[in-house]
Amino acid sequence: MKRLATFVGLLLIVPAFAAAQMAPPAPPAPPAPPAPMAAQVPPTPQAPPAPPAPARVLMPPVWDAIAVEDAMRAARMVDMDQVREATAIAREASAQAREAVRVDQDHIREMAREAAAQASRFSYDYRFDEHVGMMPMAWSMSSQGEGGNYYDSGKSLLSSGQWDRAITSFDRTIASKSQYADGALYWKAYAQWKLAKTEDALATIGVLRKDYPQSRYLGDAKVLEQDVRRSSGQPINPDAIKEEEIKVLAIQALGKSENAIPLLEGVLNSSNSLRVKKGALYVLATSEDARAYPILLRYAKGGGNPDLQYEAIRYIASRREGQTTAKDLQDIYNSTTDTRIRMAIINAFQSSQNKNALVTIAGSTSNNVEVRRAAVNGLSNLAAPQELWALYQKETDNELKQQMISVFSSMGAIDQLEQIVKTEKDPAVRARAIRSLGNQKSERTGQTLVSIYSADQDVNVRNAVISALGNQNNAEGLVGIARKEQNTELKLKIVNRLAEMARTSKVAADYLAELIK
């Protein structure tokens with residue numbers, strides 16, 4: 001939901017920012033009141049009016065259409081089933097808290113811990129990655145627990161010129177020994193160079209060579225080392241970020257010139273910031289010059305460092321000429337174990353509606369769960385419920401099963417959800433399917449939920465059914481199970497949900513009235 005809210009916010013902020021650039025016209029001065037007749041004197045000659053100030057010329061913002069498309073895709077991929085489930089859990093937690101107040105403080109603390117554990121399942125760390133010039137922020141993908149968060153944070157800090165803070169983030173990535181550690185060493189040396197810490201930058205490059213002799217950042221590090229040695233002893237340039245903006249504007253302006261392609265290659269091969277190099281890749285991606293695409297594809301296949309490969313893949317995925325084949329993308333996918341690169345390929349498969357490739361990735365147990373989850377999400381608008389069901393039946397990871405249940409819910413696949421409820425052995429997965437049924441508001445699902453409640457004595461299952469019926473505002477179903485429920489605690493939860501409906505549901509209000517007669 002945060003992603004959707006952020007995207008909508010961008011749409012509101014950008015027009016407001018543009019409007020703010022234009023100064024409103026000054027209101028005309030009110031005319032002076034006439035002087036009394038006795039005090040009138042000949043008017044003093046007025047000086048000619050000053051010429052109007054020249055109109056302020058604004059540089060039009062440079063938009064990255066691909067970044068906009070990424071943001072829109074991210075907004076569309078919000079898991080509404082999880083949002084609804086999180087809302088239902090929050091409502092249930094609120095009802096539990098009210099119940100706890102009537103008991104004792106120990107009970108309050110215990111239930112608060114339980115609610116926090118439930119809510120943590122819906123916590124996502126979404127961050128942004130700055131693109132060229134005045135562009136919208138695009139969603140970036142990172143790996144929790146593998147140093148990816150600190151690495152992405154460090155690159156964002158570089159883009160805003162916060163060199164010291166960027167170094168701190170890269171140090172954390174390096175300490176984690178994650179798959180991003182070699183990139184963190186390179187960008188740490190770059191930040192140290194910007195701080196005029198020549199010896200430190202050279203030492204960091206030395207660590208990169210020693211600890212990661214096969215790193216794809218070594219070519220960039222060699223160029224950086226030469227620049228560091230040439231600039232030895234020079235003070236830090238306080239306008240480094242402004243110089244980057246100037247370079248980006250120059251890159252954009254020269255994009256259609258005859259000499260643009262060799263100039264862009266020079267930018268990519270020099271010690272420029274990632275932001276500037278992204279700008280060069282973007283111009284290559286939008287260029288009609290026949291020489292541009294082979295360069296872009298070379299970087300997508302790993303011709304540069306992994307950061308540039310990730311950006312190049314995004315750009316070739318957004319080209320509509322069909323030059324990039326499914327085999328090209330599959331070869332790139334198979335050539336790397338970098339989660340971020342594989343995620344970019346999955347997005348490319350989704351953009352090209354390559355359902356078969358996504359099914360293969362989602363069904364391969366050799367892929368990590370994060371990658372397979374992304375493939376499952378990509379299938380939500382491409383696969384039929386029966387195709388996803390075939391994957392579910394072979395799946396052994398319960399976390400991924402729950403993700404598939406979310407996709408079934410978004411598809412409205414009631415048959416598959418009911419089948420999961422009937423056959424699933426894992427209580428957490430089964431409870432998830434029950435709550436997802438509650439998001440399908442129909443008479444059929446209401447009846448199914450009531451029958452599940454009657455047939456299953458497991459307390460967790462019954463709690464899930466109560467939550468699902470409550471999410472449907474199904475007062476008839478709740479009253480039906482309440483009349484037969486002998487467990488006082490469960491009945492109290494049912495009555496709590498009915499109490500929330502009493503103002504709008506006559507069925508709920510009538511039942512509550514029965515209880516106090």
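The following is a conversation between a trainee and a mentor about how the descriptive terms for this predicted model are justified.

Trainee: What should I know about the numbering and the atoms before we begin?

Mentor: Residues are numbered from 1 along each chain as its sequence is written, and side-chain values use heavy atoms, with hydrogens and water left out. As this is a predicted model, local features need pLDDT of at least 70 and side-chain atom pairs count only at pLDDT 80 or more, while totals for chains, interfaces and linings use all residues.

Trainee: How many helices and strands does the chain have, and what makes a stretch count as one?

Mentor: The chain has 27 helices and two strands; these are DSSP runs numbered from the N terminus, with H or I over at least four residues for a helix and E over at least two for a strand.

Trainee: Why is tryptophan 187 called buried?

Mentor: Buried means under 20% relative accessible area, exposed means over 50%, and partly exposed lies in between, with a 1.4 Å probe and protein chains only. Tryptophan 187, which is found in helix H7, has 1% relative accessibility and therefore counts as buried. Across the chain of 517 residues, 47% count as buried.

Trainee: Which residues does tryptophan 187 touch?

Mentor: Contact means heavy atoms within 4.5 Å, and, leaving aside residues up to four places away in sequence, tryptophan 187 touches Tyr151, Leu158, Phe170, Tyr217, Asn272, Ser273, Leu274 and Asp307. Its C-alpha atom is also 7.7 Å from that of lysine 155, although tryptophan 187 and lysine 155 are 32 residues apart in sequence.

Trainee: What makes lysine 177 and alanine 196 stand out in their backbone angles?

Mentor: Most residues other than glycine have a negative phi. Lysine 177, however, has a phi near 55°, and alanine 196 has a positive phi of about 65°. Lysine 177 lies in the loop between helix H6 (163–175) and helix H7 (181–194), whereas alanine 196 is found in the loop between H7 and helix H8 (198–211).

Trainee: How do you know whether lysine 177 and alanine 196 are exposed or buried?

Mentor: Lysine 177 has a relative accessible area of 62% and is therefore exposed, while alanine 196, with 31%, is partly exposed.

Trainee: What makes the pairing of serine 231 with tryptophan 193 a polar contact?

Mentor: A polar contact is a pair of N or O atoms within 3.5 Å; within protein, one must be able to donate a hydrogen and the other to accept it, and residues adjacent in sequence count only if both atoms are side-chain atoms. The side chains of serine 231 and tryptophan 193 are joined by such a contact of 2.8 Å, and a polar atom of the serine 231 side chain also lies 3.2 Å from the backbone oxygen of valine 228. Serine 231 is found in the loop between helix H9 (218–230) and helix H10 (240–253), and at 16% relative accessibility it counts as buried.

Trainee: How do you know that the length of helix H16 agrees with expectation?

Mentor: The expected span of a helix is 1.5 Å times one less than its number of residues. For the 13 residues of H16 (residues 339–351) this gives 18 Å, and the end C-alpha atoms are 18 Å apart, so the two agree.

Trainee: Why is H16 described as largely enclosed?

Mentor: Eleven of its 13 residues are buried, so H16 is largely enclosed by the rest of the structure; among them are Ile341, Met343, Ile345 and Phe349. At the start of H16, a side-chain oxygen of aspartate 338 reaches to within 2.9 Å of the backbone nitrogen of arginine 340, and just after H16, glutamine 353 takes a positive phi of about 55°.

Trainee: Why are H11 and H13 called roughly parallel, and H26 and H27 oblique?

Mentor: Axes are lines fitted to C-alpha atoms, for helices over the stretch in contact, and angles run from 0 to 180 degrees between N-to-C directions. Angles under 35 degrees count as roughly parallel, over 145 as roughly antiparallel, 65 to 115 as roughly perpendicular and the rest as oblique. Helix H11 (residues 260–269) and helix H13 (residues 292–303) pack at about 20°, with their axes 10 Å apart, which makes H11 roughly parallel to H13. The axes of helix H26 (residues 488–501) and helix H27 (residues 506–515) come within 9 Å and cross at roughly 130°, and H26 and H27 are therefore oblique to each other.
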